[in-house]
Amino acid sequence: LFVSMDTWSYFHTCLVSIWLHRVYIYSAVAFGISLWIVIRFTTTKTKKKVTEPGRAAKLVNGCASPEAKEVHVAGVKIFYGSQTGTAKRFAKALAEAVISLNLPVEVINMGDYDPDDCLSEETSSRNICVFLVATYTEGQPPESAAWFCKWLEEAANDFRVGKAFLQGLRYAVFGLGNSLYLEHYNTVGRRIDRWLWMLSASRIMTRAEGDCNVTQSKHGSIEADFEAWKTKFLTRLQGLCKGEKKPCSGKCKKGKCKSSGKQSKESSDHEQGTSEQENTEAEELFETSSEEEAGDANSVIDVEDLGNLMGHMKKAQSSMETMVLNRFGDQLVCSVYQFLQVKLHCLMIFALFPGYKLIGSHSGVKLCRWTKAMLRGRGGCYKHTFYGIESHRCMEATPSLACANKCVFCWRHHTNPVGTEWRWKMDQPEMILQEAIENHQNMIRQFKGVSGVKAARFEEALTVKHCALSLVGEPIMYPQINRFVRLLHKHSISTFLVTNAQFPEEIRRLEPVTQLYVSVDASTKESLRRIDRPLFKDFWQRFLDSLKALAEKQQRTVYRLTLVKAWNVDELKAYADLISLGKPDFIEVKGVTYCGESSASSLTMANVPWHGEVVSFVQELAQLLPEYGIACEHEHSNCLLMAHRKFQVNGEWRTWIDYGRFQELVREHEQSGGSRTFTAAEYTARTPPWALFGARERGFDPLDVRFQRKNKARDISGC
């Protein structure tokens with residue numbers, strides 16, 4: 001008991017002592033915590049200092065130095081497109097100002113610059129690219145900037161060019177225009193700004209616009225507008241040189257810069273003089289991506305529903321006209337309103353078909369990329385290798401934008417209308433052909449003076465020699481297709497017509513063409529339903545009947561097989577049976593081309609076969625078809641050609657076409673009223689060695705130079 005009492009007394013004494021000295025204890029604990037915080041902070045700061053010299057020791061402009069600083073801006077490149085010399089003068093003035101900042105600067109005339117070869121290099125050069133470009137007559141760019149703008153527009157709208165193609169390029173745009181021409185005011189500068197943004201380039205500041213109209217110019221003249229913008233640009237450039245982050249996030253909706261704070265004020269300064277609502281509507285109209293155009297499968301326009309759709313539009317238009325008339329009581333106002341409705345309708349059509357030249361109400365023409373490639377001596381398409389066409393003289397067109405299928409690999413992402421019968425107001429074939437040739441020639445003329453274009457081929461290209469009726473849709477649906485074909489032959493233009501094997505009677509009624517294609521995208525009913533997604537309920541019987549109709553043709557016929565990995569590459573025996581049914585002269589086997597993401601299709605890059613896989617498929621198919629052999633190859637298009645043995649004469653393949661002889665035969669046929677018939681064997685030509693399967697050239701014409709695109713990893717398709 002005494003021991004217990006002593007222990008308790010001891011603890012009691014300790015507790016009392018702690019309580020009496022609690023202030024000192026609290027102070028010691030606080031000091032210890034403070035000391036720990038100071039030690040941690042000092043250690044972290046020391047680590048940062050240790051790593052900084054290593055980072056600063058990087059190579060700067062080719063020289064390694066421990067005191068070197070990271071280069072945020074390597075230089076400035078000033079591109080100008082000028083008609084009267086104003087933009088050129090501004091470019092030189094800006095260059096002098098940039099030189100005063102001790103930065104390298106280069107002034108470039110857009111007419112002397114090849115964007116196809118050089119622009120992608122700016123994504124990693126750390127240069128700032130400045131575009132000073134004027135808007136000329138009818139909203140067109142100056143002649144010197146026409147090719148640059150054309151290339152940029154096509155790159156922004158081409159599914160083969162990745163959306164991030166110019167990611168890393170930093171730019172600023174100053175447009176020169178005159179607000180007296182309100183409809184086209186500074187359209188070129190705005191479009192360049194938009195196209196660069198669509199390719200993921202980054203604005204360093206909001207686009208600015210100079211106005212030659214002194215009464216509307218914000219600063220009293222276009223020179224004053226430029227000086228005000230130049231001051232802001234130089235300030236921004238100095239900030240970038242110091243490593244300041246860009247004010248524009250690069251995630252601006254629809255390509256329209258919407259920054260907060262100071263940048264919002266700057267944006268409003270630059271955009272003043274143009275209605276914000278008009279700008280927004282214009283951006284919304286022109287910048288719809290292919291994915292947004294496609295929507296879901298139900299968003300596809302059906303030709304058979306156009307009547308109801310137009311009825312609703314007419315009712316809405318009538319209601320709007322009544323409202324306008326009641327409010328303003330002026331028939332002139334309604335007339336202006338109706339004119340604007342027509343203009344908007346045209347703009348909507350062009351938004352649906354970017355890059356197309358629409359003809360009338362149901363036809364179109366477009367410049368093929370292989371036409372542009374061959375103009376510059378960079379090789380021709382697979383038809384050049386297989387059949388000897390001159391790609392730079394080929395016009396890609398269609399007299400019918402509508403189609404009866406919704407194929408999973410459709411390169412238009414199903415933005416073209418679909419239908420099972422003709423419901424359009426029909427245009428005459430003479431008008432379609434005339435406008436098609438005129439539009440094609442106008443597109444060719446834009447290449448005059450472009451770097452790399454061969455003068456001789458440019459002159460040849462103005463005379464169309466071939467017509468690929470395969471642009472989009474189903475050309476054979478056009479009720480006057482025979483008259484249209486005869487007109488082409490009358491102009492000595494060869495005809496390559498493609499059909500999707502859903503119109504057997506039209507195939508039977510079709511008059512001779514140079515070469516008739518049928519797309520055989522699958523070999524069984526279920527796989528055809530999955531891949532082509534046809535609209536006809538009796539699609540399979542129509543498909544088989546179309547192949548039988550093809551077998552009745554005496555001129556050249558072709559099966560076009562598109563291989564979709566994991567969808568139709570394992571149906572060799574079924575394909576062989578279909579080939580026996582249609583007895584085509586040639587079989588083209590091509591790997592599917594991935595056309596980008598689309599909510600209307602589940603196709604991905606995983607479905608694109610390698611060229612070696614396509615070769616293996618063709619070799620296995622040839623073993624099942626002893627009457628056919630592998631004749632040609634075009635590696636760049638991931639495509640091979642099988643030909644019937646009757647085109648192998650004395651051991652030599654004759655897959656090429658004697659186009660002059662064909663024109664003679666078709667004229668004799670027409671003059672005889674159809675009694676003089678002719679066969680495919682009557683207009684063949686020898687296939688050159690470089691085009692044959694197994695040749696070292698792999699189907700590339702040795703007269704041309706193969707072009708390897710820089711930053712090829714950015715492309716989503718190489719075919």
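Hi everyone, let me start at the tail end of this chain. Over residues 712–719 the pLDDT stays under 50, and the model has 29 contacts beyond four places in sequence for that stretch. This is a predicted model, and that is one of two low-confidence stretches I want to mention. The other is residues 48–68, where pLDDT also stays under 50 and the model has 14 contacts beyond four places in sequence.

For the chain as a whole, the mean pLDDT is 78, with 75% of residues at 70 or more. If you go element by element, the lowest mean belongs to helix 10, residues 290–294, at 31, and the highest to strand 21, residues 656–657, at 97.

Now the general layout. The chain holds 23 helices and 22 strands. Half of it is tucked away, in the sense that 50% of the 719 residues count as buried. If you like contact maps, here is one for you: among contacts with a separation of 6 or more, 77% are between residues 24 or more positions apart.

Let's go inside. Where does the largest nonpolar core lie with respect to the two domains? This core has 109 residues, and Phe131, Leu152, Ile192 and Leu621 have the most contacts inside it. Domain 1, residues 75–242, and domain 2, residues 352–691, both contribute residues, so the core lies between them. As background, nonpolar side chains in soluble globular proteins tend to be buried together.

Phenylalanine 131 is a nice place to zoom in. Setting aside neighbours within four places in sequence, Phe131 has contacts that include Phe79, Met110, Phe148 and Tyr171. Ile192, which we just met among the residues with the most contacts in the core, is also in contact with Phe131.

Next, the sheet. There is an open sheet of 10 strands with mixed pairing, in the order 9-10-11-12-13-14-15-16-18-17. Its edges are strand 9 (357–359) and strand 17 (628–634), each of which pairs on one side only. On average, neighbouring strands here are turned by 25° against each other, ignoring direction.

Let's walk across from the strand 9 side. Strands 9 and 10 run antiparallel and are joined by three bridges. They make a hairpin with three residues between them, and glycine 360 in the turn has a positive phi of about 60°. Across that pairing, lysine 357 stands opposite valine 365 in strand 10. Valine 365 has a bridge partner in strand 11 as well, namely alanine 397. Strand 10 and strand 11 (residues 394–398) are again antiparallel, with three bridges.

Are the two faces of strand 10 covered or open? Both are covered: Ser363 and Val365 are buried on one side, and Gly364 and Lys366 are buried on the other.

Moving along, strand 12 (466–469) and strand 13 (494–499) pair in the parallel sense over four bridges. One of the residue pairs there is cysteine 467 with threonine 495 in strand 13. Further on, strand 15 and strand 16 run parallel with six bridges between them, and tyrosine 559 has isoleucine 587 in strand 16 as its bridge partner. Strand 16 is mostly covered, with five of its six residues buried.

Lying across this region is helix 21, residues 572–582. The helix crosses strand 15 (556–563), strand 16 (586–591) and strand 17, and runs at about 165° to strand 15.

That brings us to a backbone detail. Most residues other than glycine have a negative phi. Lysine 583, in the loop between helix 21 and strand 16, has a positive phi near 45°. Lysine 583 is also exposed, with a relative accessible area of 56%. Asparagine 102 is another case, with phi near 65°. Asparagine 102 sits in the loop between helix 3 (86–99) and strand 4 (105–109) and is exposed, at 71% relative accessible area.

One last stop: aspartate 545, in helix 20 (residues 539–551). Is aspartate 545 buried or partly exposed? Since buried means under 20% relative accessible area, its 21% puts aspartate 545 in the partly exposed class. Beyond four places in sequence, aspartate 545 is in contact with Pro504 and Arg508. Aspartate 545 and glutamine 502 are 43 residues apart in sequence, yet 8.4 Å apart in space, C-alpha to C-alpha.

That's my tour, thanks for listening!

Notes. Residues are numbered from 1 along each chain as its sequence is written. This is a predicted model: local features need pLDDT of at least 70, side-chain atom pairs count only at pLDDT 80 or more; totals for chains, interfaces and linings use all residues. Side-chain values use heavy atoms; hydrogens and water are left out. A nonpolar core is a set of buried Ala, Val, Leu, Ile, Met, Phe, Trp, Tyr and Cys residues joined through side-chain atoms within 4.5 Å. Buried means under 20% relative accessible area, exposed over 50%, partly exposed in between (1.4 Å probe, protein chains only). Domain bounds come from an automatic or database domain assignment. Contact means heavy atoms within 4.5 Å. pLDDT is the predictor's confidence in each residue, from 0 to 100. Two strands pair if DSSP finds at least two bridges between them. Axes are lines fitted to C-alpha atoms, for helices over the stretch in contact, and angles run from 0 to 180 degrees between N-to-C directions.
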